[in-house]
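Grab a pencil and have a go at these exercises. Try each task yourself before you read its solution.

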Amino acid sequence: MTDCRLCDAPSLGEDPSALARVIAFPQPQFPGHRVVMSVQHRTSLSEVTPEEWAAMGSLISELSGRLCADEGAERTYVLAIGDVDSHVAHFHVIPRSKDDPPLGPHVFGPEGWNATRGN
């Protein structure tokens, strides 16, 4: 145990030689919400090695394909947001169905993140 809720979460599929892994997000926002991260506890994306980046990218691509093929997602969102309570670098992979509203306006629109920056 590392006292990191993401590092301590069980992997979805074990590969002892893997540099990256997938977990179910502890508080999923949508069905199929997953997290991809290095097997090493990296507190910043700048600490991730090139080999770990490649492994995470492969997992994100594979997971996105499965979410679209098996769970009917129209596409997936990939987000690197770790500013609430997790101090480990990770990516959220969230399926988007055709009925979901676009996310971009919520993040970049006048009521989104830009509103907090005085833009």
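**Exercise 1. List the contacts of R34, then say where R34 sits and whether it is buried or exposed.**

Step 1. Skip the neighbours within four places in sequence, and R34 touches L12, V22, I23, A24, F25, L63, F91, H92 and V93. Contact here means heavy atoms within 4.5 Å.

Step 2. Before going on, a word on the model: it is predicted, so local features need pLDDT of at least 70 and side-chain atom pairs count only at pLDDT 80 or more, while totals for chains, interfaces and linings use all residues. Numbering runs from 1 along each chain as its sequence is written, and side-chain values use heavy atoms, with hydrogens and water left out.

Step 3. Now place the residue: R34 belongs to strand β2, which spans 34-38. Strands (E, at least two residues) and helices (H or I, at least four) are DSSP runs, numbered from the N terminus.

Step 4. R34 has 21% relative accessibility, so it counts as partly exposed. The cut-offs are under 20% relative accessible area for buried, over 50% for exposed, and partly exposed in between, using a 1.4 Å probe and protein chains only.

Step 5. Check one of the contacts, V22: it lies 12 residues from R34 along the chain, and their C-alpha atoms are separated by 6.7 Å.

**Exercise 2. Do the same for R96: which strand holds it, and what does it touch?**

Step 1. You'll find R96 in strand β4.

Step 2. At 10% relative accessibility, R96 is buried.

Step 3. Neighbours within four places aside, R96 meets A73, E74, R75, T76, Y77, P101 and P102.

Step 4. E74 turns up again with D100, a residue in the loop between β4 and α2 (104-108). D100 and E74 are 26 residues apart in sequence, with 9.5 Å between their C-alpha atoms. D100 itself is partly exposed, at 23% relative accessible area.

**Exercise 3. Work out what span α1 should have, and where its buried residues point.**

Step 1. α1 covers 50-71. The expected span is 1.5 Å times one less than the number of residues.

Step 2. With 22 residues, α1 should span 32 Å; its end C-alpha atoms are 30 Å apart, which agrees.

Step 3. Now pick out the buried residues of α1: E52, M56, L59, I60, L63, S64 and L67. They cover an arc of only 135° around the axis, so they sit on the same side of α1. (That arc is taken from the directions from the helix axis to the C-beta atoms.)

Step 4. Over on the other side, P50, S61 and A69 are exposed.

Step 5. What do the buried residues of α1 pack against? Their partners are β1, β2, β3 (75-79) and β4 (91-96).

Step 6. Just past the helix, G72 has a positive phi of about 75°.

**Exercise 4. Describe the lining of the second largest pocket.**

Step 1. A pocket is an open set of points on a 1 Å grid where a 1.4 Å probe fits, with protein on both sides within 12 Å along at least five of seven lines; lining residues have an atom within 4 Å of a point.

Step 2. The lining has 16 residues, and G13, D15, A18, A20 and R21 lie nearest the pocket's centre.

Step 3. Which element gives the largest share of the lining? That's α1, with 4 residues.
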